[in-house]
Amino acid sequence: MTIRFVTGNDGKVREAREYFEGIDTIEQIDYDYTEIQSDSLEEIARHGARETFEAREGDDPVIVDDTGLFVDALGGFPGPYSAYVEDTVGIERFWRLAREEENRRARFRTVLAYADADGTETFTGSVAGTLVAPRGDGGFGYDPLFEYNGQTLSEMSTEEKNAISHRGRAFGEFAEWYASNED
Ligand SMILES: O=c1nc[nH]c2c1ncn2[C@H]1C[C@H](O)[C@@H](COP(=O)(O)OP(=O)(O)OP(=O)(O)O)O1
């Protein structure tokens with residue numbers, strides 16, 4: 001099938017194309033859905049997918065990905081506000097805040113929302129790691145700061161990142177559900 005991925009983030013699309021290579025086609029859709037103010041990634045993603053599905057003509061299913069980086073020592077900040085923090089202060093200044101903390105544990109969480117004529121479903125994936133001084137030049141967003149098993153996500157190939165990442169795990173949940181729901 002063709003999966004219509006509603007996002008302006010090319011990094012997310014690259015990871016989806018790698019994950020579903022040879023299985024499904026990923027089509028990137030630009031639709032400016034309302035990012036509701038909420039501390040729940042589920043609500044944000046669910047609302048975005050529903051709104052986009054209903055605004056489009058036809059019955060093509062769509063997916064929306066809402067992701068956040070949650071830092072333990074900062075009470076989960078920036079969490080659902082991760083895009084805002086990246087756009088305003090940037091990851092270098094965010095690192096200067098995080099490096100003051102003794103406990104540098106953090107977690108990425110992705111909620112993928114799928115909407116079609118039958119309703120909306122959400123799928124979640126997360127990965128725990130450690131914040132470090134930025135390293136590597138792959139990936140996107142906060143990847144250079146996030147270390148997992150000795151490597152930052154920026155030092156991994158897309159395939160390696162997908163194998164352990166929040167998003168890769170959410171894709172896995174979705175793919176399993178989708179396969180068991182096909183007519
Ligand atoms: O795997 C990732 N590795 C590192 N950083 C990441 C990742 N995934 C999202 N991020 C960053 C991008 C943005 O600063 C925020 C999520 O924001 P989020 O609203 O989900 O995405 P976005 O605004 O970039 O694109 P869009 O809403 O069009 O899909 O965390």
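A residue counts as buried under 20% relative accessible area, as exposed over 50%, and as partly exposed in between. These terms recur at each stop of this tour.

**The model as a whole**

The structure on display is a predicted model. Its mean pLDDT is 96, and 99% of the residues reach 70 or more. The scores of the model are ipTM 0.98 and pTM 0.97.

**First stop: Glu155 and Arg135**

Select Glu155, whose relative accessibility is 33%, so that it falls in the partly exposed class. Then add Arg135, which is partly exposed as well, with a relative accessible area of 29%. The two residues form a salt bridge in which the closest N and O atoms are 3.0 Å apart. To place the pair, find Glu155 in the loop between β8 and α5 (158-164), and Arg135 in the loop between β6 (119-131) and β7; the contact therefore ties together parts that are 20 residues apart in sequence.

**Second stop: Arg109 and Glu42**

Next, display the side chains of Arg109 and Glu42, which meet in a salt bridge of 2.8 Å, N to O. Arg109 belongs to strand β5 (residues 105-116) and Glu42 to helix α2; with their positions 67 residues apart, the pair links distant parts of the chain. How accessible is Arg109? Its relative accessibility is 23%, so Arg109 counts as partly exposed. Glu42 is also partly exposed, with a relative accessible area of 27%.

**Third stop: Asp65 and Lys12**

Now select Asp65 together with Lys12; a salt bridge of 3.2 Å, N to O, brings their side chains together. This pair too links distant parts of the chain, since Asp65 sits in strand β3 (residues 62-71) and Lys12 in helix α1 (residues 10-19), 53 residues apart. Is Asp65 buried or exposed? Asp65 has a relative accessible area of 2% and is therefore buried. Lys12, at 11% relative accessibility, counts as buried too.

Keep Asp65 and Lys12 selected and add Glu15, Asp143, Lys161 and Arg167: salt bridges that share partners join these residues into one network. Side chains of opposite charge can pair when their charged atoms come close. How many salt bridges does a search of the whole structure find? The search finds 13 salt bridges.

**Fourth stop: the negative patch**

Clear the selection and choose Asp10, Asp30, Asp32 and Glu35, which form a negative surface patch. Within this group, centre the view on Asp32, located in the loop between β2 (25-29) and α2 (41-55). Asp32 has a relative accessible area of 75%, so this residue is exposed.

**Fifth stop: two features of the backbone**

Show the backbone at Phe77 and Pro78. Which kind of peptide bond joins Phe77 and Pro78? The bond is cis, with an omega of about -5°. Pro78 lies in strand β4, which covers residues 78-79.

Finally, move to Asn149, in the loop between β7 (146-148) and β8 (151-152). The phi angle of Asn149 is positive, about 50°, although the residue is not a glycine. With a relative accessibility of 74%, Asn149 counts as exposed.

Terms used
Residues numbered from 1 in each chain as written. Predicted model: local features only at pLDDT ≥ 70, side-chain atom pairs only at ≥ 80, totals over all residues. Heavy atoms only, no water. Patch = residues over 30% accessible without salt bridge, like charges linked within 9 Å, V, L, I, M, F, W, Y side chains within 5 Å. Areas by Shrake-Rupley, 256 points an atom, 1.4 Å probe, with all protein chains shown as cover. Salt bridge = Lys/Arg side-chain N within 4 Å of Asp/Glu carboxyl O. Lys, Arg positive; Asp, Glu negative; His and termini not counted. Charge placed at Lys NZ, Arg CZ, Asp CG, Glu CD. Helix = DSSP H or I, 4+ residues; strand = E, 2+ residues; numbered from the N terminus. Buried < 20%, exposed > 50% of the residue type's maximum accessible area, 1.4 Å probe, protein only. pLDDT = per-residue confidence, 0-100.
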